[in-house]
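Please look over the sequence and the model below before reading on. The notes that follow are meant for someone new to this structure.

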Amino acid sequence: AALLQKHLKRLLAYSSIAQAGYLLIGISTGTIAGAEATLYYLLAYLAMTLAAFAVVLIRERQVPDGERLESFSGYWRTSPLLAVVMTIAMLSLAGFPPLSGFLGKFLLFGSAVDADLAWLAIVGALGSVVSVVYYLRVVGVIWFGRTDPEREERRLAPVTGASLAGVTAALAVIALTFAASPILDVCRGAAESLLAPSAAAGPANA
């Protein structure tokens, strides 16, 4: 459904369904590694989505129908910083290395393989390949689309809060990659605390 969308909010909404599927892959393993990967990907997905929606919100304030894909045509010419923010969000959602979206998916699919659910990892990988098409379409429009000279932008005060949120979220996407080791340690500790009670209850119930 996301492949057919020309409204970015709807595209992001449909993509969130696929993202939920990736998270469920980690949960379905029932392992600490799967829970660790799920928690890490939740953090990455929060940052990626916040960055993307912040840019869409800003664009809606700038032009009529700002949520439509064509309104981002040549966006880098008028808002280079926000164009970079949106690009980081889209590439990370698509799972391009070395961004945190790639690392999160790698961990999720890897945990599925280790739990003898390789077929599920393959399904997730195929879904990720499909998502590349609609995420890269957004990036292509931003950087290679033609700017419409007749489109009149509303001269509103800068959306400072949304801009700050978007930039911060994009930096978080990058930080989650380069500071992955300590963050994964925290996620693993949380995963162990979540699964330890059930693991301990297993032998007692047996």
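What follows is a short briefing on the overall fold, the nonpolar core and one helix.

This is a predicted model, in which local features need pLDDT of at least 70 and side-chain atom pairs count only at pLDDT 80 or more, while totals for chains, interfaces and linings use all residues. Residues are numbered from 1 along each chain as its sequence is written, and side-chain values use heavy atoms, with hydrogens and water left out.

**Overall fold**
- The protein chain has eight helices and zero strands, where helices (H or I, at least four residues) and strands (E, at least two) are DSSP runs numbered from the N terminus.
- Of the 206 residues in the protein chain, 44% are buried, meaning under 20% relative accessible area with a 1.4 Å probe, protein chains only.

**Nonpolar core**
- The largest nonpolar core (buried Ala, Val, Leu, Ile, Met, Phe, Trp, Tyr and Cys residues joined through side-chain atoms within 4.5 Å) has 53 residues, and L8, F72, Y75, M86, M90 and V138 have the most contacts inside it.
- The largest share of this core, 12 residues, comes from α2.
- Leaving aside residues up to four places away in sequence, F72 touches L8, V55, V56, R59, G66, V141 and I142, a contact being heavy atoms within 4.5 Å.

**Helix α4**
- Because 11 of the 15 residues of α4 are buried, this helix is largely enclosed by the rest of the structure.
- The buried residues of α4, among them M86 and M90, pack against α1, α2, α3 (75–78), α5, α6 and α7.
- After α4 comes G95, whose phi is positive, near 90°.

Note on methods: Buried < 20%, exposed > 50% of the residue type's maximum accessible area, 1.4 Å probe, protein only.
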